[in-house]
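I set out to note, entry by entry, what I looked up in this structure. The order follows my own reading of the model and moves from single positions to larger groupings and back.

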Amino acid sequence: MELNIDLIPKRKRSNFFLAMGAIAIILAITYFTLRMHGDKEKSNSFLPMMLYMFVYGIFGILNGLGYSVEKFFGAAYVQIDEERIAIKTGVWTKEQSIPWNHIKSLEYKTNWFKITDLNGISSKLILSDLEFKVLIETRDTINFIAAEKGITIN
């Protein structure tokens, strides 16, 4: 049994976000073009706002096309297979990874596992940041694979 869940959802294509992003980029480019040919002293106060609008336009177009901006910065996932348990709940969070061959016993508490390794050292596998449905699937998959491997479950 294997569980692979991408925690960054795929977005639907949105014509509204696409149009708003295109409008923001067009306004920013128009401003920069007019600034090159016009009075540069009076227009300096709008520069930060137009840079922001340009970046916002790019993100708007990406969201409108259905791409998730978070995927450019990293990944968030649950991967459980015969080799290891790996959970990364957010783009900026650290991965929790434990190989099955290092696990002596498991104990399920509410929303987390207490894992005891072969040396007797305990660690926590925290599941509380996951959605309820994903948490249940993760818990059930860990219990199933642990039973297959003969790992003690309390």
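**Entry 1: Val55 and the helix pair**

I began with Val55, which counts as partly exposed at 41% relative accessibility, and I kept in mind throughout that this is a predicted model. Val55 lies in helix 2, and I noted that its C-alpha atom is separated by 39 Å from that of Glu2, although the two are 53 residues apart along the chain.

From there I turned to how helix 2 packs. Two packed helices are described by the angle between their axes and the distance between the axes, and I looked up both values. Helix 1, residues 15-37, and helix 2, residues 47-64, pack at an angle of about 150°, and their axes are 7 Å apart. Because angles over 145 degrees count as roughly antiparallel, I wrote down helix 1 as roughly antiparallel to helix 2. The crossing of helix 1 and helix 2 is left-handed.

Which residues make the contact between helix 1 and helix 2? On the side of helix 1 I found, among them, Phe17, Leu18, Gly21, Ala22, Ile25, Phe32 and Arg35, and on the side of helix 2 I found residues including Leu47, Met50, Phe54, Gly57, Ile61 and Gly64. The residues of this contact of helix 1 with helix 2 divide into 18 nonpolar, four polar and one charged.

**Entry 2: Lys12**

I next checked Lys12, whose place is in the loop between strand 1 and helix 1. Lys12 counts as exposed, because its relative accessibility is 76%. Leaving aside neighbours within four places in sequence, Lys12 is in contact with Asn63 and Gly66. Lys12 and Tyr67 are 55 residues apart in sequence, and I read 8.3 Å between them in space, C-alpha to C-alpha.

**Entry 3: the largest nonpolar core**

I then asked which residues have the most contacts inside the largest nonpolar core. They are Trp100, Leu106 and Leu125, in a core of 21 residues. At least two residues of this core come from each of strand 1 (3-6), strand 2 (77-80), strand 3 (84-88), strand 5 (103-109), strand 6 (112-117) and helix 3 (132-149). Helix 3 gives the most to this core, with five residues.

Following Trp100 further, and not counting residues up to four places away in sequence, I listed what it touches: among them are Ile80, Arg84, Ile85, Leu106, Ile142, Ile145 and Ile151, and the list also includes Asp81, Glu82, Glu83 and Lys149.

**Entry 4: Thr141 and Ser105**

Is Thr141 buried or exposed? Thr141 has its place in helix 3, and it counts as buried because its relative accessibility is 3%, where the cut-off for buried is under 20%. Leaving aside neighbours within four places in sequence, Thr141 is in contact with Met1, Leu3 and Ile80.

Ser105, whose place is in strand 5, also counts as buried, at 14% relative accessibility. Beyond its neighbours within four places in sequence, Ser105 is in contact with Lys114, Ile115, Thr116, Ile151 and Thr152.

**Entry 5: Leu127 and Asn111**

I looked up Leu127 in the loop between strand 7 (122-126) and helix 3, and it is buried, with a relative accessible area of 0%. Its contacts, leaving aside neighbours within four places in sequence, are Ile87, Tyr108, Asn111, Trp112, Phe113, Leu135 and Thr138. I also noted that Leu127 and Trp112 are 15 residues apart in sequence and 5.2 Å apart in space, C-alpha to C-alpha.

Since Asn111 appears in that list of contacts of Leu127, I looked at it separately. Asn111 lies in the loop between strand 5 and strand 6 and counts as partly exposed, at 28% relative accessibility. What caught my eye was the phi of Asn111, near 70°, a positive value in a residue other than glycine.

**Entry 6: Glu95**

My last stop was Glu95, in the loop between strand 3 and strand 4 (96-99), where it is partly exposed with a relative accessible area of 30%. Not counting residues up to four places away in sequence, Glu95 touches Tyr77, Arg84, Ala86, Ile87 and Lys88. The C-alpha atoms of Glu95 and Thr138 are separated by 15 Å, and the two residues are 43 residues apart along the chain.

Notes
Residues are numbered from 1 along each chain as its sequence is written. This is a predicted model: local features need pLDDT of at least 70, side-chain atom pairs count only at pLDDT 80 or more; totals for chains, interfaces and linings use all residues. Side-chain values use heavy atoms; hydrogens and water are left out. Axes are lines fitted to C-alpha atoms, for helices over the stretch in contact, and angles run from 0 to 180 degrees between N-to-C directions. Helices (H or I, at least four residues) and strands (E, at least two) are DSSP runs, numbered from the N terminus. Angles under 35 degrees count as roughly parallel, over 145 as roughly antiparallel, 65 to 115 as roughly perpendicular and the rest as oblique. A crossing is left-handed if the near helix is turned anticlockwise from the far one by less than a right angle, and right-handed if clockwise. Contact means heavy atoms within 4.5 Å. Ala, Val, Leu, Ile, Met, Phe, Trp, Tyr, Cys and Pro count as nonpolar, Asp, Glu, Lys and Arg as charged, and the others, Gly among them, as polar. A nonpolar core is a set of buried Ala, Val, Leu, Ile, Met, Phe, Trp, Tyr and Cys residues joined through side-chain atoms within 4.5 Å. Buried means under 20% relative accessible area, exposed over 50%, partly exposed in between (1.4 Å probe, protein chains only).
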